[in-house]
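The exercises below ask you to work from coordinates to classifications, one step at a time. Please keep the sequence and the model at hand while you follow each solution.

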Amino acid sequence: MNLPEGIYVIRDAIALPEPHHAIRARALRRAEYPVTLADSVEEAVKHLRTVVGDQRIALVTDDTVAALHAEELRAELHRQNVDSTMISVPPGEESKTMRTAEHLLDWLAGSRMRRRDVLVAFGGGVVIDTAGWVASAYMRGMPYVNLPTTLLAAVDAALGGKVAVDHPSAKNLIGAFHQPAAVIAATPWLSTLPARHVRAGLAEAIKKGVIASPALFKLIEQNFSEIQALDPTALRRLVHGAATVKCALIDRDPYEEDLRRPLNFGHTIGHAVETVTGYGPVLHGEAIAFGMACAARISLARGWLENAAHTRLLTLLRHAGLPCDRTELPASVDPEAVITALDKIRLIRDGRLRFVLPVAIGTTAISDDVTDDEIRQALVRSPEPDSTQPVAALLAPRTAGTGLAN
């Protein structure tokens with residue numbers, strides 16, 4: 001065999017067993033990627049440049065983020081010799097659809113993007129979920145990087161590789177697991193967040209404290225005013241802490257082979273609320289906060305959650321301006337419609353609703369026997385935290401501007 005120099009040669013000799021031997025196929029799925037916090041856009045692009053190398057990037061964002069940050073980002077990309085093209089979609093949960101995904105796929109198909117080029121999701125949870133799912137499907141999977149611009153995305157949506165679009169019958173019904181090549185958050189992108197979106201992001205951070213980290217929960221309690229004011233140091237500590245907790249949790253079960261996951265705390269009812277309100281009027285973090293409050297009420301009624309821990313959780317949620325009962329949600333919610341929506345979630349999850357019920361800060365129990373009546377009671381009643389509990393002293397008086405309205 002006389003081949004030209006530089007030709008890549010593969011030589012194999014796979015033996016053939018007898019036909020009665022069983023055949024086993026193996027496809028291991030394991031990924032590791034850096035999660036980086038940057039103090040400037042220049043630093044963020046330096047990290048991105050390290051990840052993408054000389055590959056071209058397709059930047060996906062929404063109209064709001066584009067107006068605020070795209071010009072500075074693209075100028076820095078150009079300065080650091082990163083070849084990029086960009087598309088923007090309308091903001092909000094209403095864009096997290098198959099129609100938007102198809103639009104992005106058509107855009108990619110008409111571009112010069114190659115399979116090893118990199119899609120960059122630059123935005124909040126909607127952009128990250130939608131663009132990530134598009135990356136999982138285009139050319140059977142292209143690499144992507146998340147640049148989260150909301151607190152919720154930085155502490156939750158950008159991490160873990162769960163990508164999806166919504167369907168009218170259920171949230172995140174059409175999706176995949178597709179891990180990013182990197183997650184890079186820059187504090188300047190978080191500094192322009194409206195107060196309502198800061199609160200929504202806090203809900204996911206509080207969730208992680210309840211299920212797995214008393215230290216994170218305490219950090220939020222003690223630094224609440226600074227976080228609310230978008231102090232860069234406080235934001236960095238919060239994002240670093242919450243991302244550390246989430247990465248530790250997803251490392252145990254990155255592809256959700258075990259459905260008994262504490263990360264679903266607040267999400268069973270929260271996702272149903274988003275579905276019945278039409279994906280948009282209630283922000284994801286608001287729905288999750290309400291779902292956490294309902295789960296806490298179920299656990300309290302069962303005698304699993306002590307009054308002091310229940311008070312501590314609801315005090316922090318209310319202090320953050322997050323909804324704990326139906327009257328505080330920004331859209332009307334019919335309890336019976338929520339229970340009907342849960343039937344679809346029950347079907348998706350092997351015929352069972354697995355509720356994550358808090359037992360203490362840092363301890364949860366997974367229950368698959370929560371009844372519709374228990375859910376109904378949690379949806380319609382809203383006991384206030386007992387302000388005489390010592391935990392109330394941990395929190396400063398609630399300041400103006402933390403209600404649900406922007």
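A residue counts as buried under 20% relative accessible area, as exposed over 50%, and as partly exposed in between. The model is a predicted one, and every value used in the solutions is computed from it.

**Exercise 1. Determine the accessibility class of Glu226 and of Ala229, and place both along the chain.**

Step 1. Glu226 is found in helix α9, which covers residues 224-228, while Ala229 has its place in the loop between α9 and α10.

Step 2. The relative accessibility of Glu226 is 36%, so this residue counts as partly exposed.

Step 3. For Ala229 the relative accessible area is 59%, and Ala229 is therefore exposed.

Step 4. To set these residues in space, take C-alpha separations: Glu226 and Glu93, which are 133 residues apart along the chain, are separated by 28 Å, and Ala229 and Ala182, 47 residues apart along the chain, are separated by 28 Å.

**Exercise 2. Find the aromatic pairs and classify their geometry.**

Step 1. Two rings pair if their centres lie within 6.5 Å, and planes over 60 degrees apart count as edge-to-face. By this rule there are two aromatic pairs.

Step 2. In one of them, the ring centres of Phe122 and Trp189 are 5.0 Å apart and the planes stand at 70°, so the pair is edge-to-face.

Step 3. Since Phe122 belongs to strand β4 (residues 118-123) and Trp189 to helix α6 (residues 187-190), the pair ties together parts that are 67 residues apart in sequence. Both Phe122 and Trp189 are buried.

Step 4. Phe177 and Tyr255 also form an edge-to-face pair, with 5.4 Å from centre to centre and 75° between the planes. This pair links distant parts of the chain, as Phe177 lies in strand β7 (residues 170-177) and Tyr255 in the loop between α10 (232-252) and α11 (267-276), 78 residues apart.

Step 5. Phe177, at 27% relative accessibility, counts as partly exposed, whereas Tyr255, at 13%, counts as buried.

**Exercise 3. Describe the second largest pocket by its volume and its lining.**

Step 1. Rolling a probe the size of a water molecule over the atoms shows where empty space is left. For the second largest pocket, this space amounts to about 260 Å³.

Step 2. Tyr255, already met in an aromatic pair, is one of the lining residues, which also include Arg30, Glu32, Tyr33, Gln179, Cys247 and Asp251.

Step 3. Sorted by class, the lining has seven nonpolar, two polar and three charged residues.

Step 4. Helix α10 supplies the largest share of the lining, namely three residues.

**Exercise 4. Work out how β6 pairs with β7, and how β9 pairs with β10.**

Step 1. Strand β6 (residues 162-167) pairs with β7 in the antiparallel sense over five bridges, and Val163 stands opposite Ala176 in β7.

Step 2. The connection between β6 and β7 has two residues, and the two strands form a hairpin.

Step 3. Strand β9 (residues 355-360) and strand β10 (residues 363-367) likewise pair in the antiparallel sense, over five bridges, with Phe355 opposite Ser367 in β10.

Step 4. β9 and β10 form a hairpin with two residues between them, and Gly362 in that turn has a positive phi of about 105°.

**Exercise 5. Which sign of phi do Asn172 and Tyr279 have, positive or negative?**

Step 1. Most residues other than glycine have a negative phi, and this is why a positive value merits a check.

Step 2. Asn172 has a positive phi, near 55°, although the residue is other than glycine. Asn172 is found in strand β7 and is partly exposed, with a relative accessible area of 28%.

Step 3. Tyr279, which is not a glycine either, has a positive phi of about 55°. This tyrosine lies in the loop between α11 and α12 (284-302), and at 9% relative accessibility Tyr279 counts as buried.

**Exercise 6. Locate the charged end of Arg302 relative to the ring of Trp304, and then characterise Leu305.**

Step 1. The charged end of Arg302 sits over the ring of Trp304, at 4.9 Å from the ring centre.

Step 2. Leu305 lies in the loop between α12 and α13 (307-319), and its relative accessible area of 5% makes Leu305 buried.

Step 3. From C-alpha to C-alpha, Leu305 and Glu286 are 22 Å apart in space and 19 residues apart in sequence.

Methods:
Residues are numbered from 1 along each chain as its sequence is written. This is a predicted model: local features need pLDDT of at least 70, side-chain atom pairs count only at pLDDT 80 or more; totals for chains, interfaces and linings use all residues. Side-chain values use heavy atoms; hydrogens and water are left out. Two strands pair if DSSP finds at least two bridges between them. Helices (H or I, at least four residues) and strands (E, at least two) are DSSP runs, numbered from the N terminus. Rings of Phe, Tyr and Trp (its six-membered ring) pair if their centres lie within 6.5 Å; planes under 30 degrees apart count as stacked, over 60 as edge-to-face and the rest as tilted. Buried means under 20% relative accessible area, exposed over 50%, partly exposed in between (1.4 Å probe, protein chains only). A charge sits over a ring if NZ of Lys or CZ of Arg is within 6 Å of the ring centre and within 35 degrees of the ring normal. On a 1 Å grid over the protein atoms alone, a cavity is a set of points where a 1.4 Å probe fits but cannot get out, and a pocket is an open set with protein on both sides within 12 Å along at least five of seven lines; lining residues have an atom within 4 Å of a point. Grid points are joined across faces, edges and corners, and a volume is the space filled by probe spheres set on the points. Ala, Val, Leu, Ile, Met, Phe, Trp, Tyr, Cys and Pro count as nonpolar, Asp, Glu, Lys and Arg as charged, and the others, Gly among them, as polar.
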